[in-house]
Amino acid sequence: MQQTLWQHLTLCAQGDPRDALHDAALAVCDGQIVWQGALRDLPAAYADPLTWPREDLGGAWVTPGLVDCHTHLVYGGQRADEFAQRLAGVSYEALAQAGGGILATVRATRAADEATLFASAASRLEALLAEGVSAIEIKSGYGLDLASERKLLRVARALGERYPVSVYTTFLGAHALPPEFAGRAEAYLDEVCERMLPALADEGLVDAVDVFCERIGFSLAQSERVLQAAQRHGLRVKLHAEQLSHSGGAQLAARYHALSADHLEYLDEAGVAALKAAGTVAVLLPGAYYFIRETQLPPLELLRRYEVPIALATDSNPGTSPATSLLLMLNLATTLFRMTVPEVLQGVTCHAAQALGQGERHGTLAVGRSADFAVWQVESLAELAYWMGRPLCTQVVRAGQTVYRRRGYAEERQ
Ligand code: DI6
Ligand code: FE
């Protein structure tokens, strides 16, 4: 049995700093939290330092491990040149229609082997993990044929095996129409629904299914075909909805009891009501909003009024959000969307876990749960949204084990 008492910490167990517990302790046995509370209330059972060796965190803040619930982390190449074209005035949609955009990354991804894809995704993942991320969703969607989608999902699974992070995979075969199916969307969807999804699901590579429901992606009716196929395989769904235009994607997602509807800049009140009724999480992606210089704000007031849980994620992808920092998303969501500090913190903890259907496993610290937490060298948790690009996470603990520790130069030199 391995037992540790983590003490002298400021505990934010639910992701809401207003409920913080000062001078708290966590008793962890074999990776699980068996007690948490104020140190002064520590039961005698955990008080003997011989059987419960102590780790003193010196007053540092502790939050649940962060959850990045929407990423396209695995892909070949990058699109900095396309970014430069956009700076010169070419629109994202125009690039996509000219065979660039997602399809440019599809070409690079198909040409890359698993080891290359693993290495490039691993470097992005390492940046996220150093910020306290302990669970992440990774979508496929840059392969667009069975073998290439399989390659992406296998790399995603391998990242979860090689790094101290829980990886949840999402099959996004309906991300774009591959060139060999140009003008034949229905035939490609036959392939997605009848061949790719069944095969990949059978191989245990798929935890959820997503569709890019958009003018430049798939229509409502086409998206629905994929959601139905997912349902036939007993898989939960998510939807890229209302990102560049209003389409009614949120209502479609709600009809299929989606875990989440993501982006949502063009969401209307009927869509908000539908998300609420279905228990679907609204995932906002301020990195994409910022990077494509969107001006339509997601309807924060409506989401609040209907009490729809709001999550935030990086949307890490080469076209619209080349982000490798979840903390930067907190900063963007507060400044651009005027979200509050408690909202953004819950957005990357409990609500993000809910967007993965993993609310019982991630995003909250409680007795009986795995001791997955991040340690922050800050005076106030508002600093997580305040600093831009400053490393604040000093230690990451997963199942009771320290898996990451940041050492500053001063310490190294001693
Ligand atoms: N929405 C997005 O913002 C990304 N995919 C999606 O479905 C864009 C992906 C890319 O441009 O590579
Ligand atoms: Fe996305």
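**View 1. Along the chain, the donors of the iron ion (ligand 2) follow the spacing H-x1-H-x167-H-x74-D.** Donors here are N, O and S atoms within 2.8 Å of the metal (3.2 Å for Na, K and Ca), and with water not among the atoms, sites may look incomplete. This is a predicted model, where local features need pLDDT of at least 70, side-chain atom pairs count only at pLDDT 80 or more, and totals for chains, interfaces and linings use all residues. Residues are numbered from 1 along each chain as its sequence is written, ligands are numbered from 1 in the order in which they are written, and side-chain values use heavy atoms, leaving out hydrogens and water.

**View 2. His70 (NE2), His72 (NE2), His240 (NE2) and Asp315 (OD) are the protein donors of the iron ion (ligand 2).** They lie 2.1 to 2.3 Å from the iron ion.

**View 3. Ligand 1 has 14 residues around it.** Each has a heavy atom within 4 Å of the ligand, and the closest are Arg79, Tyr92, Tyr142, His175 and Thr320.

**View 4. Arg79, Tyr92 and His175 meet ligand 1 through polar side-chain atoms.** For Arg79, a polar side-chain atom is 2.8 Å from a ligand oxygen; for Tyr92, the distance to an oxygen of ligand 1 is 2.5 Å. In the His175 side chain, an N or O atom lies 2.8 Å from a nitrogen of ligand 1.

Definitions and conventions:
Polar contact = N/O pair within 3.5 Å; in protein donor to acceptor, adjacent residues only side chain to side chain.
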